[in-house]
Amino acid sequence: MKRTISIVALALVVVMMMGCLVACGGGKLQAGTYKLKEVSGDGAEMYDGMKDSITLEVQDGGKASMSIAGISSLELTFNEDTGKVNLQGSEVPYKVDGNKITIEDSSGKMVFEK
């Protein structure tokens, strides 16, 4: 009887932990157009003055492009398995929370909102 209770308790703990991970983990990356809403860190003052004109266009499959005033564009690739975005040859952690994408490492943070 004790063994059955232990197994059931362990199964409940595992289910609860998985639920917490799913709830606390970001969301799924959604295709669409995102605007830069917040920037901090290295070079933040350069981006802060023109953040209203910086957009991130995300396509299905994780491909994306970031543009300034619709002119210049930078290609990015989001990898949902690793939680990192490839940005000019560097892999930077990102997370999705609802309609926000946050790209952040030790050099700074950029928050885009759909």
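**View 1. Phe78 and Tyr94, two buried residues.** Let's start inside this predicted model, where both Phe78 and Tyr94 are buried. By the ring-pairing rule, the count comes to 1 aromatic pair. Phe78 and Tyr94 form that pair, and their arrangement is edge-to-face: the ring centres sit 4.8 Å from each other, with 80° between the planes. Phe78 belongs to strand β4 (residues 72-79) and Tyr94 to strand β6 (residues 90-97), so the pair ties together parts that are 16 residues apart in sequence.

**View 2. The barrel.** Step back a little and you can follow 8 strands that close into a barrel. Going round, the order is β1-β2-β3-β4-β5-β6-β7-β8, and the pairing is antiparallel. Neighbouring strands of this sheet are turned by 30° against each other on average, if you ignore direction. As a bit of background, strands of a sheet pair through backbone hydrogen bonds, either parallel or antiparallel.

**View 3. Strand β8 and its partners β1 and β7.** Pick out strand β8 (residues 108-113) and look at strand β1 (residues 32-41): these two pair in the antiparallel sense over 6 bridges. One spot to find here is Gly41, whose bridge partner in β8 is Gly108. Now look for strand β7 (residues 100-105), which runs antiparallel to β8 and is joined to it by 6 bridges. Getting from β7 to β8 takes a hairpin through 2 residues.

**View 4. Thr102 and its contacts.** Zoom in on Thr102, which is found in strand β7. Its bridge partner in β8 is Val111. Is Thr102 buried or exposed? Its relative accessibility is 12%, so Thr102 counts as buried. Leaving aside residues up to four places away in sequence, Thr102 touches Pro93, Tyr94, Lys95, Lys109, Met110 and Val111. You have already met Tyr94 in the aromatic pair with Phe78.

**View 5. Strands β3 and β4.** Over at strand β3 (residues 63-68), you can see antiparallel pairing with β4 over 6 bridges. Ile68 stands opposite Ser72 in β4. Strand β4 is also the one that holds Phe78.

**View 6. Ala44 in helix α2.** For a change from strands, find Ala44 in helix α2 (residues 44-48). With 11% relative accessibility, Ala44 counts as buried. How far apart are the C-alpha atoms of Ala44 and Lys109? They are separated by 8.7 Å, although the two residues are 65 residues apart along the chain. Lys109 is also one of the residues that Thr102 touches.

How values were computed:
Residues are numbered from 1 along each chain as its sequence is written. This is a predicted model: local features need pLDDT of at least 70, side-chain atom pairs count only at pLDDT 80 or more; totals for chains, interfaces and linings use all residues. Side-chain values use heavy atoms; hydrogens and water are left out. Rings of Phe, Tyr and Trp (its six-membered ring) pair if their centres lie within 6.5 Å; planes under 30 degrees apart count as stacked, over 60 as edge-to-face and the rest as tilted. Helices (H or I, at least four residues) and strands (E, at least two) are DSSP runs, numbered from the N terminus. Buried means under 20% relative accessible area, exposed over 50%, partly exposed in between (1.4 Å probe, protein chains only). Two strands pair if DSSP finds at least two bridges between them. Contact means heavy atoms within 4.5 Å. Axes are lines fitted to C-alpha atoms, for helices over the stretch in contact, and angles run from 0 to 180 degrees between N-to-C directions.
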